[in-house]
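User: Could you walk me through how some of the labels on this structure are earned? I would like to see each value set against its cut-off.

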Amino acid sequence: MNTGGDPGDEPVEIVDRSGRAQRVVPRREMRAGNLWHRNVAVVVRRPGGAIVVHRRADWKDVHPSHWDIAFGGVPGVGESDPEAAVRELAEEAGLDVAADALGDLGRAVHEDQHTRWIGRFFVVTTDAPLHPADGEVVELAEVPVAGLDAWATTAAVCPDAAPLLAILRAEMT
C-alpha cells in the first residue's frame, strides 16, 4: 500500500508462522530482515478461461521486472485479506470489484532468500479492461490456464508465484 511517501516507510505487520500479528515495522526493515508477513494475491481470470499475467516494474523491491500471475501485495496494518485484495487490485490493475466478487483460492506459505509470507489467494472472473495506473505494472498479457506451465518456463516468473501455480494446476485436474 503506497501512501505517497517512501514505500520503505510503510508499516507492515510481522506475523508468526500461524499468521498472527506480532509487531509492526517499516517495510524496509521487513525486507532487510526477510521477516514473515502477510500477503494477498488476486488472479484475474477471463470468462474464456485465460489468466491475466503482468510484468512488474523494474523498481519493485522484490522480483523487479519479473512476470506474475496475480495482482497483490502486503496488506496494510489492520487491513483484512479481502480488503487488501480489493485495494491491491484497484491499485495495480485499475479494476474495482467488491469483496464479495472474490472467489477464495486458499492459503499458502512461501519462504525463500528474498521473502517470507503467509498468503491468501483470491480469483475474480471479469472481461472488464484493466488499467494499471500506479506504475507497479508495466505490461499485461493473457495466458490460457492450460498453457500456464509452458509460459512459466519461458518467462521470468516471480519465484513466489509457485504456490499459486500449484493451486491453479490442481484446479485444472
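Analyst: Happy to! Let's begin with a term: a residue is called buried when its relative accessible area is under 20%. Please keep in mind that the model is predicted.

User: What makes Phe121 buried or exposed?

Analyst: Phe121 has a relative accessible area of 2%. Buried means under 20%, so Phe121 is buried. Trp117 also has a relative accessible area of 2%, and by that cut-off it is buried as well.

User: Why is the contact of Trp117 and Phe121 called an aromatic pair, and which kind is it?

Analyst: Two rings pair if their centres lie within 6.5 Å, and planes over 60 degrees apart count as edge-to-face. For Trp117 and Phe121 the values are 5.9 Å centre to centre and 85 degrees between the planes, so the pair is edge-to-face.

User: How many aromatic pairs does this rule give?

Analyst: The count comes to 2 aromatic pairs. Trp67 and Trp151 form a pair with 6.1 Å between the centres and 90 degrees between the planes, again edge-to-face.

User: Why can one say that the pair of Trp67 and Trp151 ties together parts that are apart in sequence?

Analyst: Trp67 lies in strand S5 (residues 67–68) and Trp151 in helix H3 (residues 148–154), so the pair links parts 84 residues apart in sequence. Both rings belong to buried residues: Trp67 has a relative accessible area of 13%, and Trp151 has 14%.

User: What makes the phi of Asn34 worth a remark?

Analyst: Most residues other than glycine have a negative phi. Asn34 is not a glycine, and yet its phi is positive, about 45 degrees. Asn34 sits in the loop between helix H1 (27–33) and strand S3 (36–45).

User: And what about Ser65: is it buried, partly exposed or exposed?

Analyst: Partly exposed runs between 20% and 50%. Ser65 has 30% relative accessibility, so it counts as partly exposed. Its phi is positive too, near 65 degrees, and it lies in the loop between strand S4 (50–56) and S5.

User: Which residues touch the most other members of the largest nonpolar core?

Analyst: They are Val43, Ile69, Leu148, Trp151 and Leu164, in a core of 22 residues. S3, S4, strand S7 (103–111), strand S8 (116–125), H3 and helix H4 (162–172) each supply at least two residues of this core. Apart from it lies another core of 17 residues, including Val42 and Leu89.

Methods. Residues numbered from 1 in each chain as written. Predicted model: local features only at pLDDT ≥ 70, side-chain atom pairs only at ≥ 80, totals over all residues. Heavy atoms only, no water. Phe/Tyr/Trp six-rings, centres within 6.5 Å; stacked < 30°, edge-to-face > 60°. Helix = DSSP H or I, 4+ residues; strand = E, 2+ residues; numbered from the N terminus. Buried < 20%, exposed > 50% of the residue type's maximum accessible area, 1.4 Å probe, protein only. Core = buried A, V, L, I, M, F, W, Y, C linked by side-chain atoms within 4.5 Å.
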